[in-house]
Amino acid sequence: MPSVALKLYSVFFKFLLKHRLQNLIQNAIDESSNPYGVTTRPEESVSASNPSFTDGVATKDIHIDPFTALSIRIFLPDSSLSPPEQPDLKPNLRSSGNDDPNSHNHRRNSYAPSNVGAPRNDPRRSSLEGLNLRSDNNVYRGYSPSPQNCRKLPIMLQFHGGGWVSGSNESVANDYFCRRIAKLCDVIVIAVGYRLAPENKYPAAFEDGLKVLNWLAKQANLSECSKSMGSGARGVGSEFTKAEVQRHIVDTFGASVVEPWLAAHGDPSRCVLLGVSCGANIVDYVARKAVEAGKRLDPVKVVAQVLMYPFFIGNVPTQSEIKLANSYFYDKAMCLLAWKLFLPKEEFSLDHPAANPLISDRGPPLKFMPPTLTVVAEHDWMRDRAIAYSETLRKVNVDAPVLEYKDAVHEFATLDMLLKTPQAQACAEDIAIWVKKYISTRGHEFSY
């Protein structure tokens with residue numbers, strides 16, 4: 001059973017959540033009045049981005065849509081600085097050993113080129129040539145894409161939880177979780193700051209998820225265009241300046257420029273989707289749209305998805321929905337309020353395609369869905385429907401295992417007060433083991 005401290009915190013958490021939801025209902029804004037939307041709430045603590053490799057991960061924030069509040073935070077692990085042929089060569093980092101990047105006792109260390117004074121034939125020198133690093137403030141600036149000098153990492157799109165109405169990709173808890181996943185999975189994590197309800201109801205959050213996937217594909221094509229234009233210019237005896245290349249790209253693709261971290265280190269052909277709670281519902285939608293898009297998304301390929309205690313519901317209650325309706329933190333009554341804030345009044349139904357993955361008119365056919373790992377908690381009232389969805393995927397031969405954690409509650413691996421528990425760490429490690437089956441460049445060397 002959950003500890004006494006957890007039970008007490010759950011009571012306090014539900015009291016605050018109910019108060020916030022009631023305030024949102026009273027002050028609900030029609031979605032047409034604020035198309036720009038919001039991606040965080042004033043009462044939520046956020047963590048500032050840090051382009052130095054604090055705790056082995058550098059971060060930056062990007063606002064990718066001028067018409068909405070949609071933004072992303074990129075988490076780049078320091079393993080990306082290892083040479084492609086020598087993944088075990090690590091940058092010269094020192095750490096206090098504290099896993100908490102927000103701790104006051106944590107040393108903030110950054111990558112600094114270690115090839116100074118190295119022999120000319122030293123692999124560190126050749127691997128780091130071309131880096132555009134500023135030693136002042138120890139901030140990593142990225143560099144122009146050069147395949148022979150950089151290591152390409154898979155990309156993971158991460159969608160936070162919060163019942164559609166709260167949470168943020170910049171929150172302290174989400175920042176901590178994404179750093180942990182980036183290091184354990186050895187991936188670039190892109191945390192998506194989708195628009196929240198009720199300012200923007202369905203399908204805003206879903207559209208934002210798909211928009212980020214399309215943005216990722218656009219970035220990959222921009223990067224290839226940049227390299228092609230540069231090499232082509234040299235081939236005909238003339239040379240584009242950096243400004244000219246960038247101007248040509250902007251003229252061709254619109255108001256976009258190459259994101260250097262992704263251009264240098266990202267491999268969009270190994271893209272994983274990970275969603276937490278209601279973020280898992282967004283992930284499942286984005287995965288279905290990726291299947292429908294097919295080659296139109298090239299070079300982006302969604303190779304797997306991870307659904308962490310998804311926010312699924314339906315008109316016909318499951319056994320867990322009856323037995324655990326008053327469960328910890330997010331009970332059924334609270335979640336129903338959140339769904340009412342998220343779905344337009346005329347569309348409200350617990351069998352809405354955004355809510356119930358098992359209704360018959362959802363497309364495409366499930367047999368085309370990517371491998372799907374589902375994480376559920378013993379004391380989560382939504383667990384049975386998530387398990388049933390996983391079973392349905394397995395019936396059509398999709399690799400869809402379920403990890404169930406005993407004595408666990410909804411958001412046990414991502415909630416701020418539970419992030420440092422052994423169970424949360426174990427869950428992240430289990431996810432990494434499974435994900436590496438599908439992102440490894442050496443084939444399925446891992447098994448679960």
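## Strands β3 and β4

Met 156 stands opposite Val 189 in strand β4. This bridge belongs to a predicted model, in which strand β3 (residues 153-159) and strand β4 (residues 188-193) run parallel to each other and are joined by five bridges. Between these two strands in the unit comes helix α3 (residues 172-185), and β3, α3 and β4 together form a β-α-β unit that is right-handed.

Strand β3 is mostly covered, with seven of its seven residues buried.

## Strand β5 and its two partners

Strand β5 spans residues 266-276 and is likewise mostly covered: 10 of its 11 residues are buried. With β3, strand β5 pairs in the parallel sense over seven bridges. Two positions illustrate this pairing: Ile 155 stands opposite Cys 271 of β5, and Gln 158 stands opposite Leu 274 of β5.

Strand β5 also pairs with strand β6 (residues 302-308), again in the parallel sense, over six bridges. Here Val 276 has Met 308 of β6 as its bridge partner. The chain passes from β5 through helix α7 to β6, and this β-α-β crossover is right-handed.

## Helix α7

Helix α7 covers residues 278-293. Of its 16 residues, 13 are buried, so the helix is described as mostly covered, since a residue counts as buried at under 20% relative accessible area. The length of α7 can be checked against expectation: at 1.5 Å a residue, its 16 residues should span 22 Å, and the end C-alpha atoms lie 23 Å apart, which agrees.

Just after α7 comes Gly 294, which takes a positive phi of about 60 degrees.

## An aromatic cluster

A search of the whole structure finds 14 aromatic pairs. One of them joins Tyr 202 and Phe 206 in an edge-to-face arrangement, with 5.4 Å from centre to centre and 75 degrees between the planes. Tyr 202 has a relative accessibility of 17%, and therefore counts as buried, the limit being under 20%. Phe 206 is buried as well, with a relative accessible area of 1%.

Phe 206 also pairs with Tyr 285, and this pair too is edge-to-face, at 5.0 Å centre to centre with 80 degrees between the planes. Phe 206 lies in helix α4 (residues 204-235), while Tyr 285 belongs to helix α7, so the pair ties together parts that are 79 residues apart in sequence. Both Phe 206 and Tyr 285 are buried.

These residues form part of a wider group: ring pairs link Trp 164, Tyr 202, Phe 206, Tyr 285, Phe 311, Trp 339 and Phe 342 into a cluster. Through Tyr 285, helix α7 contributes to this cluster, and α7 is also the helix of the crossover from β5 to β6.

## The chain as a whole

The protein chain contains 11 helices and eight strands. Buried residues make up 56% of its 448 residues. Among contacts between residues at least 6 apart in sequence, 76% join residues at least 24 apart. The pair formed by Phe 206 and Tyr 285 offers an example of ring pairing across the sequence, as its two parts are 79 residues apart.

The accessible surface of the protein chain comes to about 19,800 Å², and carbon and sulfur atoms account for 52% of that surface.

How values were computed: Residues numbered from 1 in each chain as written. Predicted model: local features only at pLDDT ≥ 70, side-chain atom pairs only at ≥ 80, totals over all residues. Heavy atoms only, no water. Phe/Tyr/Trp six-rings, centres within 6.5 Å; stacked < 30°, edge-to-face > 60°. Buried < 20%, exposed > 50% of the residue type's maximum accessible area, 1.4 Å probe, protein only. Helix = DSSP H or I, 4+ residues; strand = E, 2+ residues; numbered from the N terminus. Expected span 1.5 Å × (residues − 1). Pairing = 2+ DSSP bridges. Right-handed = clockwise from strand over helix to strand, strands pointing away. Contact = heavy atoms within 4.5 Å. Areas by Shrake-Rupley, 256 points an atom, 1.4 Å probe, with all protein chains shown as cover.
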